[in-house]
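Please look at the model below before reading on. The paragraphs that follow lead from strands and sheets to charged pairs, and then to individual side chains.

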Amino acid sequence: MRREPSLDLVEHDLVAVRLPLGPRWLDVLDEAWERGAAVIPIDSRAAPAAAERLVRRARPTAILSEGGMMRPPDGEPVDDGVALVVATSGTSAEPKLVELERDAIEAAVKGSAAALGASAGDGWVLCVPTSHVAGMLVLYRGLILGAPVDVHPGFDPRRIGAAQEMSFVSIVPTMLVRLLDAGVELDGFTAILVGGGHLRPDLRERAERAGGRIVETYGLTESCGGVIYDGVPLAGVAVRVDANGGIELGGPTLMKRYRSDPGATMDAFTDDGWLRTRDVATFDAEGKLDVVGRIDDAITTGGETVWPREVESIVALHPKVADVSVLGRPDAEWGERVVALVVPQDPADAPTLEELRTLATERLGRYKAPRELEIVTDLPRTAIGKVRRPGETMVTPE
């Protein structure tokens, strides 16, 4: 029985939900699913102007906030089967609105359960925003699998440490760092899913030494979240790499379209229906997908291509480095130069450029070594905790 009164949703409704994380989300999602309606989550922390701009673009048939529900006069219903609309957090000035169908959500949820060996009795911790597909998928695990869901109002390492009667938690790499720094015991979870950004090998090793079973996930909002676990696709998901190394995805979890944007939808798919991810990868000796980086992030220096995440993984090994982000900046001689933004372990004893160049040269080669070092107090991040590279959008908290 629902804990909240009915919202009187009808088939093809699109309800924009701007509620803080809490148990009420489960009731809203349950009713929408039952009635054949769709939900678009709006980040409750977003500045009012940003939230209103997103709602205007989405044109929902209903808007639910803590003040109640209203029905705008110009709402546009969703097509048959659409259950979820999620705004991307990509590199465009305005996020795209991804329409996901019920069948895609069920395929993603059931495929994940099969890969993890999860049963209906295995609970999930929800501590990532519902404005992102990862947060919504935790809720859908409760709806589709009947799994218990422990909804946290935000990310609190201590509370997660006390929630290990739950089997699984889905987080981003920054959250994993904070759990480790807080000394949280990780061995109580059956698995910790880490996605939404590159998981550096040193961070994974640190977490595994602390007893965590780490599963690195790869996917996009357009693929209904993470559909590749530790380099292996979920059941039914197909992966191929084009002639330029670009990752393309196929299978039942793909989006229907970008809402009200047929041009972007056409660009997102190949002529034979595969999703272009705009990421680059190779297959390793075991046939597992090894993601190299985002096409837009590639640095071309002296005619060579350098991938930031490869350099970040090596620079992070330096004992004086607490956090690092690598990017390219224009250079008159080299075209672009490799720049390392470094948060030092001790601001009074920061690493030098020469120290980092020596380390990177030994491990990667001289042309991949940083040519510029910038010491920073922190790295800019998106609302979900991913490092924000130049040109990416970031939700502004209220």
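Strands, the elements that a hairpin joins, are runs of at least two residues assigned by DSSP and numbered from the N terminus, and two of them pair if DSSP finds at least two bridges between them. The model shown here is predicted. With these terms in hand, one may turn to strand E3 and strand E4, which a hairpin joins through 2 residues. E3 covers residues 62–65, and E4 covers residues 68–70. The two strands run antiparallel and are joined by 3 bridges. Within this pairing, Leu-64 has Met-69 in E4 as its bridge partner.

Strand E3 also pairs with strand E1, which holds residues 14–18. Here the sense is parallel, and the pairing extends over 4 bridges. Ala-16 stands opposite Ile-63 in E3.

Further along the chain there is another sheet to examine. In what order do its strands lie? The order is E21-E22-E23, and these 3 strands form an open sheet with mixed pairing. Strand E21 (321–331) and strand E23 (372–375) stand at the edges. Each of these two has a single partner strand, so one side of each is left without a neighbour in the sheet. From one strand to the next, the twist averages 25°. E21 and strand E22, the latter made of residues 335–344, run antiparallel and are joined by 10 bridges. In this pairing, Asp-323 stands opposite Val-343 in E22. Helix H9, residues 308–315, packs on the sheet and touches E21 and E22. The direction of H9 makes about 140° with that of E21.

The next topic is charged side chains. A search of the whole structure finds 25 salt bridges. For a pair to count, a side-chain nitrogen of Lys or Arg must be within 4 Å of a carboxyl oxygen of Asp or Glu. One such pair is Glu-31 and Arg-35, whose closest N and O atoms are 3.6 Å apart. Where do Glu-31 and Arg-35 lie with respect to each other in helix H1? They are 4 residues apart in this helix (residues 24–35), and therefore separated by about one helical turn. Glu-31 is buried, with a relative accessible area of 1%, whereas Arg-35 is partly exposed, with a relative accessible area of 29%.

A second pair consists of Arg-45 and Asp-43, with closest N and O atoms 2.6 Å apart. Asp-43 counts as buried at 9% relative accessibility, while Arg-45 counts as partly exposed at 34%.

A third salt bridge is formed where the side chains of Asp-230 and Arg-204 meet, at 2.9 Å from N to O. This pair links distant parts of the chain, the two residues being 26 residues apart. Asp-230 lies in the loop between strand E12 (225–229) and strand E13 (232–233), and Arg-204 lies in helix H7 (residues 201–209). Asp-230 is partly exposed, with a relative accessible area of 27%. Salt bridges may also share partners: Arg-329, Asp-331, Arg-337, Glu-372 and Glu-374 are joined in this way into one network.

A single residue now deserves attention. Thr-265 is placed in helix H8, which comprises residues 262–268. Is Thr-265 buried or exposed? Thr-265 is buried, with a relative accessible area of 14%. The side chain of this threonine reaches the backbone nitrogen of Tyr-258 at 2.9 Å. When residues up to four places away in sequence are not counted, Thr-265 touches Arg-257 and Tyr-258.

The final topic is the cysteines. How many disulfides are there? The count comes to 0, and the reasoning rests on a cut-off: a disulfide is a pair of cysteine sulfur atoms within 2.5 Å. The cysteine sulfur closest to that of Cys-127 belongs to Cys-224 and is 19 Å away, which is too far for a bond. Seen from the other side, the sulfur of Cys-224 has that of Cys-127 as its closest cysteine sulfur, again 19 Å away and too far for a bond. Cys-127 is buried, with a relative accessible area of 3%. Cys-224 also counts as buried, at 0% relative accessibility.

Definitions and conventions: Residues numbered from 1 in each chain as written. Predicted model: local features only at pLDDT ≥ 70, side-chain atom pairs only at ≥ 80, totals over all residues. Heavy atoms only, no water. Buried < 20%, exposed > 50% of the residue type's maximum accessible area, 1.4 Å probe, protein only. Axes fitted to C-alpha atoms, helices over the stretch in contact; angles between N-to-C directions. Contact = heavy atoms within 4.5 Å. Polar contact = N/O pair within 3.5 Å; in protein donor to acceptor, adjacent residues only side chain to side chain.
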